[in-house]
Amino acid sequence: MVAKRQKSQMELAFDPGSRGEAPRTGDEGTEATMAKSRTESSASTAELMEEVCERGNMKAALRRVKGNRGGPGIDGMTVEELRDHLKENWPEICKELLSGKYRPQPVKRVEIPKPDGGVRKLGVPTVMDRLIQQAVLQVLQPLWDPTFSEFSFGFRPGRSAHDAVAQAQEYVVEGCRWVVDIDLEKFFDRVNHDMLMARMAKRVEDKRLLRLTRSFLNAGVMANGLMSPTEEGTPQGGPLSPLLSNLVLDDLDRELERRGHRFARYADDCNIYVKSERAGHRVMEGVSRYITKKLKLRVNREKSKVRRVQQGQFLGFGFILGKGGTVKRKIAPHALKRMKQRVRELTRRTKGKSVEQVIEALARYLVGWKGYFGFCEARSVLKHLDAWIRRRLRAYLWKQWKRSKVRYRRLRALGLGHELAWMTAGSNRGPWAMSRNKGMNIALRIAYFDALGLPRLEPQ
């Protein structure tokens, strides 16, 4: 029976160009998409590679990889070229997967700057390896996810960062006024391979899938033309990495639950909420010791803090304690600082673009930003940001108009009366000061920017 199934897989030539999209089950780009629901058991995990290579699963994985796009790996193959590659090579690749002989290529090292300084190291697999990882993810995640903690929110179907923040807010409402913010130092680079594979072996009997996962972990990293081995870590950049990281940190979740702690975890960002500073320091020491000795990971002592919830932040949000025990979500100061820096870059007055072009680029950024940070409950901040952005654009236009005669004509065309337009155009004040000028505010009303497509952050 198994031989017959392998033969059918050998002859598989799934159509990469089929229409339709795999249904999305969460906010993350690597969430699994499978129509069937399963419960984990040893009997169901002995022949998982057949499920990985199954036609429908591979087609769904291909759609997801194409939808996520992303750059090429070390072989230079693009997502657009994957279709032809599969048509020619899939039977042989499938044979290697089912026989346990498939070997992935090293990942390409890519460094992206962190908002708070430094760089985040990504490991970009080839598009072929990304496809296989996605196919594996779609088989394993429905098996594993139901077994994970309800207080784990990162990279899981139907869960989001907003859910994690809401859970943290619930703890604060319950009277927890101190937070233990634990920072795992370079977590994705420090995961112990042997411990990870031991945990996976408890859930998966298919030796081929275990070997394939180990080969992904040990594939190596290519940087500046030199290949380095990877003896630890799950490089960020592949679809499978988030699931494996959740598997490792599930031990931490269970230990926190066993100790009766109130916590919320999103990937390697874990906050524990307690009712006193003394309890916070006790929890910090105990949990840090467990992470170091049992999980073989490092806690960043400099970044890990015990603080009042008003002084902390979680996933870009903080909390405001109001009268009567009310607790509201606010945008964390560092997140506001990053947002303003990005808006300044997009509205820099030396860009030489039309205001329509500037607003088009600004709108793309603001829509995404609002989609996440619109979850805050401190609406006055959003109202202030709207006004500040319009000031930036008024200053941009004032600088662009340059001469008094041009400014006068523009203001008149915008409906400003002769006298006020003349007084405004003749001012020798700078662009930022003029952004608050009465004439500029009358001429460039909120409706003017609405008509140009500038999104408002404050809910209407």
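A crossing of two helices is right-handed if the near helix is turned clockwise from the far one by less than a right angle. In this predicted model, the crossing of α3 and α5 is right-handed. Helix α3 covers residues 55-68, and its axis comes within 8 Å of the axis of α5. The two axes cross at roughly 120°. Angles of 65 to 115 degrees count as roughly perpendicular and angles over 145 as roughly antiparallel, so α3 and α5 are oblique to each other.

The crossing of α3 and α5 is right-handed, and its contact can be listed residue by residue. On the α3 side stand Asn57, Met58, Ala60, Ala61, Leu62, Arg64 and Val65. On the α5 side stand Arg130, Leu131, Gln134, Ala135, Gln138 and Val139. By class, this contact of α3 with α5 has eight nonpolar, three polar and two charged residues.

A second pair is formed by α13 (residues 355-373) and α14 (residues 379-401). Their axes lie 11 Å apart, and the helices pack at an angle of about 160°. Angles over 145 degrees count as roughly antiparallel, and α13 and α14 are therefore roughly antiparallel to each other. Their crossing is right-handed. From α13, the contact takes Val355, Val358, Ile359, Leu362, Leu366 and Trp369. From α14, it takes Leu382, Leu385, Ile389, Leu393, Tyr396, Leu397 and Gln400. The contact of α13 with α14 holds 12 nonpolar residues, one polar residue and no charged residue.

A third pair joins α15 (residues 404-413) and α16 (residues 418-425). The axes of α15 and α16 come within 9 Å and cross at roughly 145°. This crossing, too, is right-handed. Ser404, Arg407, Tyr408, Leu411 and Arg412 belong to α15. They meet His418, Ala421, Trp422, Thr424 and Ala425 of α16. The contact of α15 with α16 divides into five nonpolar, three polar and two charged residues.

Attention now turns to enclosed space. Rolling a probe the size of a water molecule over the atoms shows where empty space is left. The structure holds five cavities of 30 Å³ or more. The largest cavity contains about 160 Å³ of space. Its lining is made of 15 residues. Those closest to the centre of the largest cavity are Gln133, Phe216, Leu217, Pro235 and Ser241. Three helices each supply at least two residues of this lining: α5 (127-144), α9 (207-217) and α10 (241-258). By class, the lining of the largest cavity has eight nonpolar residues, six polar residues and one charged residue.

The second largest cavity holds about 50 Å³ of space. It is lined by Met49, Glu96, Leu97, Gly100, Lys101, Tyr102, Arg103, Arg208, Arg211 and Leu212. Two elements, α4 (82-99) and α9, give two or more residues to this lining. Helix α9 gives the most, with three residues. The lining of the second largest cavity divides into four nonpolar residues, one polar residue and five charged residues.

Some helices recur in these results. Helix α5 packs against α3 and also supplies at least two residues of the lining of the largest cavity. Helix α9 likewise supplies at least two residues to the largest cavity, and it gives three to the lining of the second largest.

Conventions:
Residues numbered from 1 in each chain as written. Predicted model: local features only at pLDDT ≥ 70, side-chain atom pairs only at ≥ 80, totals over all residues. Heavy atoms only, no water. 1 Å grid on protein atoms, 1.4 Å probe; cavity = no way out; pocket = protein on both sides within 12 Å on 5 of 7 lines; lining within 4 Å. Points joined across faces, edges and corners; volume = space filled by probe spheres on them. Helix = DSSP H or I, 4+ residues; strand = E, 2+ residues; numbered from the N terminus. Nonpolar A, V, L, I, M, F, W, Y, C, P; charged D, E, K, R; others polar. Axes fitted to C-alpha atoms, helices over the stretch in contact; angles between N-to-C directions. Parallel < 35°, antiparallel > 145°, perpendicular 65-115°, else oblique. Contact = heavy atoms within 4.5 Å.
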